[in-house]
Amino acid sequence: MEHIKRCHSRVVPFGNRELVLEGPVDPSRLADCTMHSGLDAFRRPKDQLEALIEIAGLEEGRIIITRDGDMIVGYVTFHYPDELERWSEGGMDDLIELGAVEVASDYRSVGLGKKMIALAFEDDQLESFIVYTTEYYWHWDLEGTGLGIWDYRRMMEKLMKSVGMVWYATDDPEICSHPANCLMVRIGKRVPLSSVEQFDRVRFRQRFMY
């Protein structure tokens, strides 16, 4: 499977200065940056930067960032499913996870999450892939946003729908463990039917459900 990575960039006005959205970025570009101290939803900012550099170095890995100067204030990750998760069971080289989406709280007023995700899908770069994301309420910043679970869920659905991702059913235990959790998927226009059928087999272990 060929992984086409054409880096794009955008400038976003922010107060009296400009932010830069860019990606997919190379590991060397990330190594020249620092992480905003508020980007700690998954791990400490320094450790998260190391994780981003590692993902960017993967053949399929894509990192989209927003930076204020050389400080990363938001990022989105794309990579193959973790080998310990059910989504890797199909052995699919055209199944990509839209993983973490994080924006520092001070920078959430200009729709950076939506803009970064849109940037990733430019130039039909992901039309040969099934891109999925798993939304778990325990990863959501309910306290920081002041939103309830269902309002946050609606916000995430709207964000993912902005690039054509739609809700898909599954019998995955983690997703089924809470009604706010969900699986959202975008099937690229060049994805063969055989891959769609394989993904259906991964989504449901209980075959009678699809």
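Me: Over the ring of which residue does the charged end of R86 sit, and how far is it from the centre?
Reply: In this predicted model, the residue beneath the charged end of R86 is W87. The ring of W87 also takes part in a cluster that ring pairs build together with Y132, Y168 and F199. The charged end of R86 lies from the centre of the W87 ring at a distance of 6.0 Å.

Me: How many aromatic pairs does the structure hold, and which two residues form the pair with 0° between the planes?
Reply: The count of aromatic pairs in the structure is eight. In the pair with 0° between the planes, the ring centres are 5.1 Å apart and the arrangement is stacked. Of its two members, one is buried at a relative accessible area of 10%, whereas the other is partly exposed at 40%; they are Y136 and W138.

Me: Which residue forms an edge-to-face pair with W138?
Reply: The planes of this pair stand at 70°, and since planes over 60 degrees apart count as edge-to-face, the pair falls in that class. The centres of the two rings are 5.3 Å apart. The partner of W138 in this pair is Y137, a residue that counts as partly exposed, with a relative accessibility of 27%.

Me: How many disulfides are there, and how far from C33 is the nearest cysteine sulfur?
Reply: A disulfide calls for two cysteine sulfur atoms within 2.5 Å, and by this rule the count comes to zero. C33, which is in no disulfide, has the sulfur of C7 as its nearest cysteine sulfur, at a distance of 11 Å.

Me: Why does C176 form no bond with C182, and is C176 buried or partly exposed?
Reply: The closest cysteine sulfur to that of C176 belongs to C182, and because it is 11 Å away, it is too far for a bond. As for accessibility, C33 counts as buried at 5%, whereas C176, with a relative accessible area of 49%, is partly exposed.

Me: Which element gives the largest share of the lining of the largest pocket?
Reply: The largest pocket holds about 1,400 Å³ of space and is lined by 44 residues, with F42, G99, A100, V101 and E102 lying nearest its centre. Elements that give two or more residues to this lining include α2 (45–56), β5 (71–79) and β6 (95–103). The largest share is seven residues, and the element that gives it is β6.

Me: How many residues of the lining of the largest pocket are charged?
Reply: The lining residues of the largest pocket include 20 that are nonpolar and 11 that are polar. The charged residues in this lining number 13.

Technical notes
Residues are numbered from 1 along each chain as its sequence is written. This is a predicted model: local features need pLDDT of at least 70, side-chain atom pairs count only at pLDDT 80 or more; totals for chains, interfaces and linings use all residues. Side-chain values use heavy atoms; hydrogens and water are left out. Buried means under 20% relative accessible area, exposed over 50%, partly exposed in between (1.4 Å probe, protein chains only). Rings of Phe, Tyr and Trp (its six-membered ring) pair if their centres lie within 6.5 Å; planes under 30 degrees apart count as stacked, over 60 as edge-to-face and the rest as tilted. A charge sits over a ring if NZ of Lys or CZ of Arg is within 6 Å of the ring centre and within 35 degrees of the ring normal. On a 1 Å grid over the protein atoms alone, a cavity is a set of points where a 1.4 Å probe fits but cannot get out, and a pocket is an open set with protein on both sides within 12 Å along at least five of seven lines; lining residues have an atom within 4 Å of a point. Grid points are joined across faces, edges and corners, and a volume is the space filled by probe spheres set on the points. Helices (H or I, at least four residues) and strands (E, at least two) are DSSP runs, numbered from the N terminus. Ala, Val, Leu, Ile, Met, Phe, Trp, Tyr, Cys and Pro count as nonpolar, Asp, Glu, Lys and Arg as charged, and the others, Gly among them, as polar.
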